[in-house]
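Here's a dialogue between a learner and a teacher about reading a protein model. Have a look at the structure first.

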Amino acid sequence: MSEIAGFARVSWPANCEPESETRTVCAFPEMPAGTDSVRAATFGLRALPGADVGSSGQVRYSATAGDLTSHPGETRVGVGNGPDLGLSEAPHQRDLRPGTVTSVRATLSNSGNRTAERTLLWINASYGLRFTERHANCEYREHDTGTGALCVLDEAVAPGQRFALVTELGVGRKALYERFDHSVQPYSDEALAEARGEWTWTRGTGAELDLRPAATASASAAEPDIDPQDNYGSVILDARNTADLKLTGSRVRGAAGDTVTAKITVHNRGPAWVASLGAGAAVATVRFQAPEGTTVGTLPEDRCWTAEDDTSPTTHYCRTPIHLHDKASFTFEIPLRIDRVVRGAHATVATIDDDPELSIRKFDPDLRNNRTEIVVNR
């Protein structure tokens, strides 16, 4: 807090014991099993009279439990003049059933000192989700990993005012690891044009999306948002579904000295698509070694790498993109130099099923078909 002491004063909550005007220690409950977060402390900051607009500093914090200490975090705090729109965190949702409808509920608020006369809302639902209604004050764009929307909300959001923002989503039969993102900012023609970019958007035809006040306040002219840090939210929506990955290899032939290309293909037989839109992990990582009598040539650096443990034979790894649609496949081309002909030489290719970022074992109902072979000169 020392960086902001020159322009603001802090008020500490009851569960904190201040050590100075700018430092405190707060006790908070243990995290119940299965929860992602708990509220540790909520404290107030008030700008000093005459504080310069534009003054800013960092609030820094970390958490400890027993011998464990979290990575430190920080939040920028500044003095501003204008609207400050924000979105409350919406809870993650687990075990959703394909074919059902769910809602993402958040609160839109203005903690600035000016009214936002109109709001530009950006929302994005991943491929396994669908908007149950396409509103007339929104325009939509389909893309490879889902559907995006831009909505212009005409309700003025005055300082201290809070609005309920509810988005209904259908959970499709292809849903598995889904994600919903939304953000808000004061509307301007320039902001809308920037958000549209070069893409083509299609206006909805349903009833307009309106904000419903959760509290009341008063109203003022369009200003930039004071602090955009809390304008964005992301929600994880996991469905109870499966996706059967299957590997196929290949057979190649050649004479000593030839370089041939073996192919390894990862198929997603569905019914769900698989995506790691948060962690950015590969849908599948395959592991293989060169068949006897061959050497693996240069592999694409953006997809493949070689183990550095100097064991023999050398182990190679290749990873798919971070999403794979249902009924889609991805193929690796593996160059093999035939050093000497070994009839029926072969090597096993298998997926790594326990990657902590995206565990195949958790969604794939049949791991038996996650192995295949590269065969040379059979």
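The questions below go through a sheet, some backbone angles, ring pairs and cores.

Q: Before we start, what kind of model is this, and how are its residues numbered?

A: It's a predicted model, where local features need pLDDT of at least 70 and side-chain atom pairs count only at pLDDT 80 or more, while totals for chains, interfaces and linings use all residues. Residues are numbered from 1 along each chain as its sequence is written, and side-chain values use heavy atoms, with hydrogens and water left out.

Q: How do I read a sheet, and what is the strand order in the open one?

A: Strands are DSSP runs (E, at least two residues; helices are H or I, at least four), numbered from the N terminus. Two of them pair if DSSP finds at least two bridges between them. Here, six strands make an open sheet with mixed pairing, in the order β22-β32-β31-β25-β28-β27. At the edges sit β22 (250-252) and β27 (304-306), each pairing on one side only. On average, neighbouring strands in this sheet are turned by 20° against each other, direction ignored; the axes are lines fitted to C-alpha atoms (for helices, over the stretch in contact), and angles run from 0 to 180 degrees between N-to-C directions.

Q: How do β27 and β28 pair?

A: They run in the antiparallel sense, with three bridges between β27 and β28 (residues 315-319). Look for W305, which stands opposite Y317 in β28.

Q: Which peptide bond is cis?

A: Try the one from G270 to P271, where omega is near 5°. P271 belongs to strand β23 (residues 259-271).

Q: What about positive phi: are K327 and N377 buried or exposed?

A: Buried means under 20% relative accessible area, exposed means over 50%, and partly exposed is in between (1.4 Å probe, protein chains only). K327 has phi near 70° and lies in the loop between β29 (323-324) and β30 (329-338). K327 is exposed, at 65% relative accessible area. N377 has phi near 55° and is found in the segment after β32 (371-376), but N377 is buried, at 4%.

Q: How do I spot aromatic pairs, and how many are there?

A: Rings of Phe, Tyr and Trp (its six-membered ring) pair if their centres lie within 6.5 Å; planes under 30 degrees apart are stacked, over 60 edge-to-face, and the rest tilted. By that rule there are six aromatic pairs. One of them is W12 with F43, a tilted pair at 5.8 Å centre to centre and 55° between the planes. These two are 31 residues apart in the chain.

Q: Why is the pair of F330 and F332 edge-to-face?

A: Because their planes are at 75°, with the ring centres 5.3 Å apart. F330 is partly exposed at 23%, whereas F332 is buried at 4%.

Q: What does a charge over a ring look like?

A: NZ of Lys or CZ of Arg must be within 6 Å of the ring centre and within 35 degrees of the ring normal. R134 has its charged end over the ring of Y140, 4.9 Å from the centre. R141 lies over the face of W199, at 4.0 Å.

Q: Which residues touch the most other members in the largest nonpolar core?

A: In soluble globular proteins, nonpolar side chains tend to be buried together. A nonpolar core is a set of buried Ala, Val, Leu, Ile, Met, Phe, Trp, Tyr and Cys residues joined through side-chain atoms within 4.5 Å. The largest has 33 residues, and F288, C318, I334, L336 and F363 touch the most other members. A second, separate core of 30 residues includes C138 and Y140.
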